[in-house]
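Here's a walk through one protein chain, with the sequence and the 3D view side by side. Have a look at both, then read on.

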Amino acid sequence: MNSRHFINSIEQLWTEVMKSVKDAAVFMDDPSAECLHWHGGLKRILDSGAASVENFSPFVNFSATISHLPLFPAFVSQNLFLMPAFSKLFSIFKCCSTEMHLKRTEDLSIRSVSSEMQSSIIQLAYCLSSLLDTFQVKGDYFSLGPLSHILCSELENISHQQKKSYPSKASVVIVDRLLDLAGPLSQSFETMLDKILLALPHFPGHTFDVAVAMNHLAACKNAWVFGRPLLAPGCLAHRNNSFEDTTLNAILNKKPREVLIDINRCIAECATREGIKLDLTSRVTPEVLKQRILEFKSKPKSILTYNGLFQQVLAVIQALEYASSNSIDNLSALEKALLEYLTTSPEEVLTYIMQMISEKEEMNYKMGEILIFLAFFYMLSGENSIPNESAMQATLMEEFFQDKNANDLLSLFVDEEHLEVDEYVLNSVRTLFDVFKRIGLLRKKFKRYTTLFKSTNPAFPASYNPLLKQLLNDIFDPSISDIPDIEFHSAGLRDYIKTGFSLFMNVAKPQPRDNPVIFLIILGGVTPSEIKIIQETAAQKKGIQVILGSTDVLTPKNVLKDLGLVVKELAKEDYEDDVL
């Protein structure tokens, strides 16, 4: 049993769907369309005989035979699947809002969250259970975090109710994203995927894939006609041959320089096959790669043959051009400096950030990036009381009141109708810091995962130590017999005995590494760097498959936007309480 088995199972489900679309008008919502996008795309459904494909609308009158198939995952690669239908239901905003309003009781259950979140958890639990049924594996459930605890409890209940038995088992480890928001707020942008998601807009209606400008390969001079785009955008979702597969995996799992080398090798081999002579003596740069794929315009049929590859290559080129023109690498250097200041004291970090604000004009710093650094610091450090925090708040307030261009940023966490109300803005800034601190403190109750900051050896620079990386290291460390922060959810009498009576029976608690497959599910979204970590782990650990699943792929700007929504919600509640 391996990842290819799971992907084939999903492909078989889509094959079943295709048997029903002949001569039909097919209606799809955005999440299902995104899943199909990674499993054959629109062409697959049209080739199967569909008369048309339309956006799903509840206002269409029709009769239907209803079947249930767990088609909610989109397998982007062998070790990664996304769940677009749950991206909004488990957004950082929704997860954070749930945490802020969580009913603190000794018995944490689904009744501890809002009715809206209860519905989302139950829906996801049944979908994951159905997915395991499709794979014909029995799940052992492990949780890290309160939301994950509730979801695993629901999965455990479903398992008890259905009492299905399969010969194979898999560990399902579910982790709360909020336990580590430092990673999604990091502006180091080390992987190629980091840079692509930063530079390119999302493909229309999608949560992950990007829209790639294709005008460089087009014969037409004008990309717009009557105000509408003439050229459809390209995308990353191509796996029809070894070149596309190699390039997509490189984008997901490698750094930019390594990706350029892999892409150049693919282009050179394609050119050889087509009889196109390329000058391969130049150093590989984005501009050189662009010139090399333009050589294929001399043979138009070759562009059709390698169309998917060229879309992926142009995505890389456009992302690296954007990174160069916007000095993205400078952000990485600033983040490293912030980490070094943190080795001295948290107070030094806030002093450093206030200095960045005072020098932003001459140094060309953007306030949005500075605010992301501030959030990154609090999520990383877990600090609750810093002597110069009031000065930091005052500096932000002064900047917001004096800079007329700051309203766009301020509107991220202050409602438009209150932008000119000084007291409301002041309270929103205080709430912003409160949210940062409350999320940063979520790890304090843990025994092993209290810190995300590594600075143990003076010979090596301070660095961010991802929670996911720590967790995987512990899972695969044979010397660690028990990970106290991970909760095992028993799914039967034998497992109950193992967990409940281990002190008396000398039986160890089950561990995720006990099974040949580990599904690692991140509630709230995953980062490009974590995708790379999973790939590296999967390559090293022979005999155990590690498959990463998540509700979204996060960028710093989107995380800051969602945190702003939480601030708006809490500030509004405070304001309404004061009015009453």
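## A covered helix

In helix α4, the buried residues are Ile92, Phe93, Cys95, Cys96, Ser97, Thr98, Glu99 and Met100. That leaves α4, which spans residues 92–100, mostly covered, with 8 of its 9 residues buried. Buried here means under 20% relative accessible area, exposed means over 50%, and partly exposed is in between (1.4 Å probe, protein chains only). Helices (H or I, at least four residues) and strands (E, at least two) are DSSP runs, numbered from the N terminus.

## How far to trust the model

This is a predicted model, where local features need pLDDT of at least 70 and side-chain atom pairs count only at pLDDT 80 or more, while totals for chains, interfaces and linings use all residues. Residues are numbered from 1 along each chain as its sequence is written, and side-chain values use heavy atoms, with hydrogens and water left out.

The protein chain averages a pLDDT (the predictor's confidence in each residue, from 0 to 100) of 91, and 95% of the residues score at least 70. Among the elements of the chain, helix α7 (residues 182–185) has the highest mean pLDDT, 98, and helix α22 (residues 493–500) the lowest, 49.

## Salt bridges

How many salt bridges turn up in a search of the whole structure? The search finds 22, counting a side-chain nitrogen of Lys or Arg within 4 Å of a carboxyl oxygen of Asp or Glu. Arg177 is a good place to start: its side chain meets that of Asp180 in a salt bridge (3.9 Å, N to O), and both residues are buried. Arg177 also forms a salt bridge with Glu530, with the closest N and O atoms 2.7 Å apart. Glu530 sits in helix α24 (residues 528–540) and Arg177 in the loop between β6 (168–176) and α7, so this pair ties together parts that are 353 residues apart in sequence. Glu530 counts as buried because its relative accessible area is 3%, and Arg177 is buried too, at 4%.

Asp434 and Arg438 make another salt bridge, their closest N and O atoms being 3.9 Å apart. They are 4 residues apart in helix α20 (residues 422–440), so about one helical turn separates them. Asp434 is partly exposed at 32% relative accessible area, and Arg438 is partly exposed at 36%. Elsewhere, Lys360, Glu361, Glu399 and Asp403 are joined into one network by salt bridges that share partners.

## Two unusual backbone angles

Most residues other than glycine have a negative phi. Asp23, though not a glycine, has a positive phi near 65 degrees. You'll find Asp23 in the loop between α1 (3–18) and β1 (25–28), where it is exposed, with a relative accessible area of 63%.

Phe189 isn't a glycine either, yet its phi is positive, at about 45 degrees. Phe189 belongs to the loop between α7 and α8 (192–199). Is Phe189 buried or exposed? It is buried, since its relative accessible area is 4%.

## Across the chain

Asn8 lies in helix α1 and counts as partly exposed, at 33% relative accessibility. Asn8 and Tyr365 are 357 residues apart along the chain, and their C-alpha atoms are separated by 48 Å.
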